[in-house]
Amino acid sequence: MPSPSASAASRVLVVDDEPTIVEIVGRYLDRAGYEAAGAADGFEALEAAAAARPDLVVLDLMLPGIDGLEVCGRLRQAGVWSPILMLTARDGVRDRVAGLDRGADDYLTKPFSYAELLARLRAIVRRGRPERPTELEVGDLRLDPAGRRAWRGSSEVGLSAKEFALLETFMRRPGEVLSRFELIEHAWDYEYENRSNVVDSYVRFLRGKIDRPFGVESIETVRGVGYRLRPDGGR
């Protein structure tokens, strides 16, 4: 008997490069009253989502070509706001935070129980479709975590992935002094040790894009401790 939270209109796109997972998850979804379709990589997922606009997406993090984080970000940037349940073999906080910040709605670690998968999907359905997340704003600095875009005033600023992650970390905690270790923890992989020269270099790169061209100073050096983003954004 179909789940009361599912209906014939609940289309689920299952994205995983392991055919067995796509097949088994699809079978459980069909039994629960959903309509399941599969995609084997990120590019196929983007095409399928653009064409069919699924009601739900089950998205593996580790995909060939472009990974799940990139797929999630591109879907949100394209205006596809179907709820996304991210699957991953990793159980690190940083991966979960990265997925949620890119626009995912929930996270499930492999190996998982299919009963839990269905329960999480039912919970997502009950919450309804997500609205576009609020952009981060500090002064005239503006950042869209899902779309991976940043602006100073009306001017869009092109940032590398690390520069974007660093700016996002600052903008989530304006006015707070962040140590180099904290910045590495949030903007880099855990494999990085506390290499202050890496942080210093990227802060310099970031200042060269969001500050110097606009004649402002928003990222302050706190000697012996780390850095702080001025709560007025430098204006």
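**Hairpins, a covered helix and two single residues**

Okay, let's start with one pair: Asp144 has Arg149, in strand 8, as its bridge partner. Keep in mind that we're looking at a predicted model.

That pair belongs to a wider match-up. Strand 7 and strand 8 (residues 149-152) run antiparallel and are joined by 4 bridges. Their hairpin leaves 4 residues between the strands, and Arg148 there takes a positive phi near 60 degrees.

Now step back to the other partner of strand 7. Strand 6 (residues 136-138) pairs with strand 7 (residues 141-144) through 3 bridges, antiparallel again. Here Val138 sits opposite Leu141. And which residue takes a positive phi in this hairpin? That's Gly139, in a hairpin with 2 residues between the strands.

Next up, helix 6, residues 161-171. How many of its 11 residues are buried? The count is 9, so you can call this helix mostly covered. Among the buried ones are Phe164, Leu167 and Phe170.

Last, two single residues. Is Ser10 buried or exposed? Its relative accessibility is 10%, and because the cut-off for buried is under 20%, Ser10 counts as buried. You'll find Ser10 in the segment before strand 1 (11-15), and leaving out residues up to four places away in sequence, it touches Tyr34, Glu35 and Asp55.

Ala89 goes the other way: its relative accessible area is 61%, which is over 50%, so it's exposed. Ala89 lies in the loop between strand 4 (84-88) and helix 4 (93-101). With the same sequence neighbours left out, Ala89 touches Thr109 and Lys110. Its C-alpha atom is 8.2 Å from that of Met62, which is 27 residues away along the chain.

Note on methods: Residues numbered from 1 in each chain as written. Predicted model: local features only at pLDDT ≥ 70, side-chain atom pairs only at ≥ 80, totals over all residues. Heavy atoms only, no water. Buried < 20%, exposed > 50% of the residue type's maximum accessible area, 1.4 Å probe, protein only. Contact = heavy atoms within 4.5 Å. Pairing = 2+ DSSP bridges.
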